[in-house]
Each structure stands twice: as structure tokens, then as C-alpha cells.
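Me: Could you go through this structure with me, one question at a time, and show how each answer is reached?

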Amino acid sequence: MANKKDNFWIPYADLMTVLMVVFLFISIAYMGLVQFQKNEQDKIFKEYKETKESLYKDLNEEFKNDFRKWDLELDKDLSIKFTNPQVLFDDGKSDITPKFKQILTSFFPKYFSIVLQNKYKDKIAEIRIEGHTNNIPIHETDDPYIDNIKLSQDRSRNVLQFLRRLPYYKNLSPEKEQVLQFWITANGLSYGRTLDNNNKLTFISKNKIDIVKSRRVEFKIVTTSEILVDEVLKQMKQ
């Protein structure tokens, strides 16, 4: 009988040992996977930071003599704003003013001389031309926000159309034109992102809307790593 009991416990002990080894390998593999994912996330965050810093530095250097002349602001989020009210659009209008046309004619070649560099070829996902309005109703429909969506879209579309008609653009190589057509989007944001007197978003500052400064177009670069960072942050929240 004793031998039968011993024969039972020996295979049982072997089985437990095997299971422990299996669980150990699973634990090691899991820890390796977690470390791999962390390394990949760190790599994405590092690339995101380096790309934004490099683009900001290059744009800042390119336009360092134009900021005051054109009343131009470059933000850390890689958005560019023109802050001179005389350059902005007339109230309720989407036509580009002569002064703004003059500035854009010089602005675009300098802007694209930076973003079209080979080092940014795989780093940029989108260049957004964003049209904005103030919150004054246009009275085309019973929904002023939707009315201003159309107006803001017209403003961004007119700027894009002006770009495409410039001699600079027409002289681009077919490859560069194809890249810009892939990157550039014209967007209308209505009065969802109005500005206050300090050029800050009123949604954040809670200050009064500056109806002149809110009529504007901005240029914003979205990097490929920015999209990856958003995906990583979503995964981390799950």
C-alpha cells in the first residue's frame, strides 16, 4: 500500500514542478512583453519630442526676421498665427485681403522650405489650414454655428487655392506637389476656437471673445509620432 501511495505522490510532485516551470516561463515572457511595450512607448515619446523640437527650432530660425514684420506667432504646438487685424478677413467675408496675399506670397516658400526637407519626409502626417470665425451670426440659416462652418471653410479653402495659384507652387516638382497634396487639408472650425485679446483660446482663458482676432486662418503641422502618441495614450487608459 505504501508503495502505491508513494507512486501517486511522485507523479503529482512532478506535475506541480512542471506547472511551476510553465508558469515561470509565462511570467518571464509576460515581463519581457511589458518591457518591450514600454521600450516602444518610450521610443515613440522620444521621437515625438525630438521631431516637434526640431520643427519648432527650424521654423523659428526661418521666420526670426518676420515675426514682427508680419505679426506672426509660432506656438510650441507648431501652429502659426497671423495676429495683425488688418491682415485678417473682413467681417463675414472669406476673401483674402491684398495685404494677406502679399504676406502669403512670401510666407509659403519659406514655410515649405522647412517642411519639405528630407528629414521630415516621414515625420509629418498633415499640414492643416484652419479657418476660424467670430461668433457673430450670419443669418443664412437658423443655426449660426453651421453658417460659420461654411464661412470658415471658405476662408481655409481660399488660402489653399491662393497657394496653388502661386508661381512657387506651380514650379514645384511633381513629387513635392504630390506630397503637399497628401499633407495639406483645408478645415473650417466655425467659432469653436475663438481668441481673446491676448490671442488665447477663450474656451481656456474664459475671457471675452475678440471678434477681430477670431477671424483668422492658422497653419498647423501634425506629426506622425503625434498620432502614435495618441494611440499609446488610449492604450494606457484601457
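The questions below concern a predicted model and go from its sheet to its helices and then to single residues.

Me: In what order do the five strands of the open sheet lie, and which are the edge strands?
Reply: The open sheet has five strands with mixed pairing, in the order β1-β2-β5-β3-β4. An edge strand pairs on one side only, and that holds for two strands, β1 (72-74) and β4 (184-188). From one strand to the next the twist averages 20 degrees. The order is therefore β1-β2-β5-β3-β4, with the edges at β1 and β4.

Me: How many bridges join β3 to β5, and do these strands run parallel or antiparallel?
Reply: One bridge pair between these strands is Glu126 with its partner Val222 in β5. On the side of β4, β3 (residues 124-132) is joined by five bridges in a parallel run, where Ile127 stands opposite Ile184. Towards β5, in contrast, the run of β3 is antiparallel, and the number of bridges is eight.

Me: Which residue in β5 is the bridge partner of Ile80?
Reply: Strands β2 and β5 run antiparallel and are joined by three bridges. Within β5, the bridge partner of Ile80 is Phe219.

Me: How many of the residues of β5 are buried?
Reply: On one side of β5, Arg216, Glu218, Lys220 and Val222 are all buried, and on the other side Val217, Phe219, Ile221 and Thr223 are all buried as well. Both faces of the strand are thus covered, and the count of buried residues is eight of eight.

Me: At what angle does α3 lie to β5, and at what angle does α6 run to β4?
Reply: Helix α3 packs on the sheet and touches β1, β2 (79-82), β3, β4 and β5 (216-223), with a direction that makes about 5 degrees with that of β5. Helix α6 (residues 174-183) lies across β3 and β4. The angles asked for are about 5 degrees for α3 with β5 and about 30 degrees for α6 with β4.

Me: Why does α3 count as roughly perpendicular to α4?
Reply: The axes of α3 (residues 98-115) and α4 (residues 144-165) come within 10 Å, and their crossing is right-handed. Angles of 65 to 115 degrees count as roughly perpendicular. The pair qualifies because its axes cross at roughly 70 degrees.

Me: Which residues of α4 are met by α3?
Reply: From α3, the residues taking part are Phe100, Lys101, Leu104, Thr105, Phe108 and Phe112. By class, the contact of the two helices has seven nonpolar, one polar and one charged residues. The residues met in α4 are Val159, Phe162 and Leu163.

Me: Is Ser54 buried, partly exposed or exposed?
Reply: Ser54 lies in helix α1 (residues 2-62) and, leaving aside residues up to four places away in sequence, touches Lys119 and Tyr120. Buried means under 20% relative accessible area and exposed means over 50%. Because its relative accessible area is 23%, Ser54 is partly exposed.

Me: What is the phi of Leu78, and what is that of Ser190?
Reply: Leu78 is in the loop between β1 and β2, whereas Ser190 is in the loop between β4 and α7 (202-205). Leu78 counts as buried, at 0% relative accessibility, and Ser190 is buried with a relative accessible area of 0%. Although neither is a glycine, phi is positive in both, at about 70 degrees for Leu78 and about 55 degrees for Ser190.

Technical notes. Residues are numbered from 1 along each chain as its sequence is written. This is a predicted model: local features need pLDDT of at least 70, side-chain atom pairs count only at pLDDT 80 or more; totals for chains, interfaces and linings use all residues. Side-chain values use heavy atoms; hydrogens and water are left out. Axes are lines fitted to C-alpha atoms, for helices over the stretch in contact, and angles run from 0 to 180 degrees between N-to-C directions. Helices (H or I, at least four residues) and strands (E, at least two) are DSSP runs, numbered from the N terminus. A crossing is left-handed if the near helix is turned anticlockwise from the far one by less than a right angle, and right-handed if clockwise. Contact means heavy atoms within 4.5 Å. Ala, Val, Leu, Ile, Met, Phe, Trp, Tyr, Cys and Pro count as nonpolar, Asp, Glu, Lys and Arg as charged, and the others, Gly among them, as polar. Buried means under 20% relative accessible area, exposed over 50%, partly exposed in between (1.4 Å probe, protein chains only).
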